[in-house]
Structure formats: C-alpha cells, structure tokens
Amino acid sequence: MAGPGAGTLPEEQVRAMFDRIARVYDLMNSVMTVGLHHRWRERAADLAALRPGDRALDVATGTGDLAVALKRRVGDSGEVVGSDFSEGMLELARAKADDVLFEPANALDLPYEDGEFDAATVGFGARNFSDLARGLAEMARVVRPGGRVVVLEITTPERPPLSLFFRLWFDRLVPMLGRAAGDPEAYSYLPSSVRRFPNARGLAAAMTAVGLVRVRWLITAGGIIAIHSGEVEEAAP
C-alpha cells in the first residue's frame, strides 16, 4: 500500500474517521449537496449497465446508497455486495436494506475471485484509496470481461465562477459544517482529498492504465461531479 501523501491519511486513521462520522454521514451528504447526491448515485448505477439477474459489487459502499440503487436494477434474481472497511458505516447500510449483502473488505485487496461480478462501482470513495491504481485494478480484476467499472467522484471545476464558489464552499464552509457536526478533522480532510484527486481526464487515464477500455465520463452539477465508466476488455476470439 502506498504511503499517505497530500490529502491522504494512514488507512487506520481513515477507518477510524469514518467510524466516527457514520451517524452524521447521510445528513452531512444531504446538506453539502442539497440532496442531489441521490440523483448522482442513480446515474452511476445506470452507467453500470446491469440487467436483472446480474451480480454487482459496490466498493467503499459507506452507508450503502449506491448498493441499494444497484439492487433495484438487478432485481430479486440478482445479487449486490456492498463492501467497506468501516464497520460503523456497514452497520447503518445493513439497516437500510436486508436484500444487499454488506460485508467488510479492503478496497486495495478485495476478497473476491477474478471475474466474479458483472459490474463494480465506487461512489465518493475512490479519493480515499491510499493507492488509486491498486484500488482501480482490484475493481477491474473482480469484474468479468465485458463488464463495467464505474467511479462517481467529486472533481474540481476549472473555470470561474464555479471554481471560485467551489473553493469557498470546500475550503471554508465544509470545515465549518464539520465543526458543527463535532468532527472538524474529517471535514477538513474532505477538501484536501478532493484537491489531490485527479481531474476527470486524469482519472480516465488511471482507469485506462489498469486495463479498462472504452473509458468515458460525464460531468454534472456544473462541473463538480464526474462519473466515469470503463469496460473490462474481452478476450479476442
């Protein structure tokens, strides 16, 4: 595992942080995104291109909202696994859905077989991978040839006026919200983790570098949210 750099923390510290904020996580997401994070997760679930009966994995599932969206697409005959290294988050996820399997797992060393899933997703968790390439490679490994890997993440807008608003919101207001929620460290970490994360083109390049093909992305929310998808290459006939 790569050591922590700017905007990162050691794995144990990140796990402890998410355990601490689990109880306020959903509320803070709704406040910070004006409730739009549910819509973004739905779009990410659509890009996974799942069908009834498919099997999907949601990595760094947090409180499980993206996993629940995936389950609606695979139906009763399909299966969705939501994995996370924070037991505090998983406890809340399990309370939301009893038809999704939520279980502990490290995103950098997934305990699943090669090609076990039809799609793998991560929503607002990739920037917490201490080794982005390794996390993406693990997601690609557990998806069958022809299946998809989808990454939903905050990205930094590059043009004013939104870039100016973004800096004000993330550098000033989000830490203030964190102090009000009782955990200033966690919500100071969020802006720094976003700043050091690749932009949309850089993330696409990282996905291509681990062997994904037909990598595409869309930018929404005025340039603040990027949703990437890539396919696991099928063997030549």
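Accessible areas are those obtained by the Shrake-Rupley method with a 1.4 Å probe. On this basis, the protein chain of this predicted model has an accessible surface of about 10,800 Å², and carbon and sulfur atoms account for 55% of that surface. Of the 237 residues in the chain, 53% are buried. The fold is built from eight helices and seven strands. Sequence separation gives another helpful view of the chain: among contacts between residues at least 6 apart in sequence, 69% link residues that are at least 24 apart.

A good place to begin looking inside is the largest nonpolar core, which holds 31 residues. L50, L70, V80, F102, L152, I154 and I225 have the most contacts within this core. Several elements supply two or more residues each, namely the helices α1 (11–33), α2 (37–47), α3 (65–74), α4 (87–96) and α7 (184–196), together with the strands β5 (143–154) and β7 (225–232). The greatest contribution comes from α3, with six residues. Leaving aside residues up to four places away in sequence, L70 touches A45, A48, L50, A56, D58, V80 and T121. A second core, separate from this one, comprises 28 residues, with L136, M139, A140 and F197 among them.

The pairing of α1 with α2 also rewards a closer look. The axes of these two helices come within 9 Å and cross at roughly 95°, and the helices are therefore roughly perpendicular to each other. On the α1 side, the contact involves Y25, D26, N29, S30 and T33, which meet H37, H38, W40 and R41 of α2. Sorted by class, this contact contains two nonpolar, five polar and two charged residues.

Terms used:
Residues numbered from 1 in each chain as written. Predicted model: local features only at pLDDT ≥ 70, side-chain atom pairs only at ≥ 80, totals over all residues. Heavy atoms only, no water. Core = buried A, V, L, I, M, F, W, Y, C linked by side-chain atoms within 4.5 Å. Buried < 20%, exposed > 50% of the residue type's maximum accessible area, 1.4 Å probe, protein only. Helix = DSSP H or I, 4+ residues; strand = E, 2+ residues; numbered from the N terminus. Contact = heavy atoms within 4.5 Å. Axes fitted to C-alpha atoms, helices over the stretch in contact; angles between N-to-C directions. Parallel < 35°, antiparallel > 145°, perpendicular 65-115°, else oblique. Nonpolar A, V, L, I, M, F, W, Y, C, P; charged D, E, K, R; others polar.
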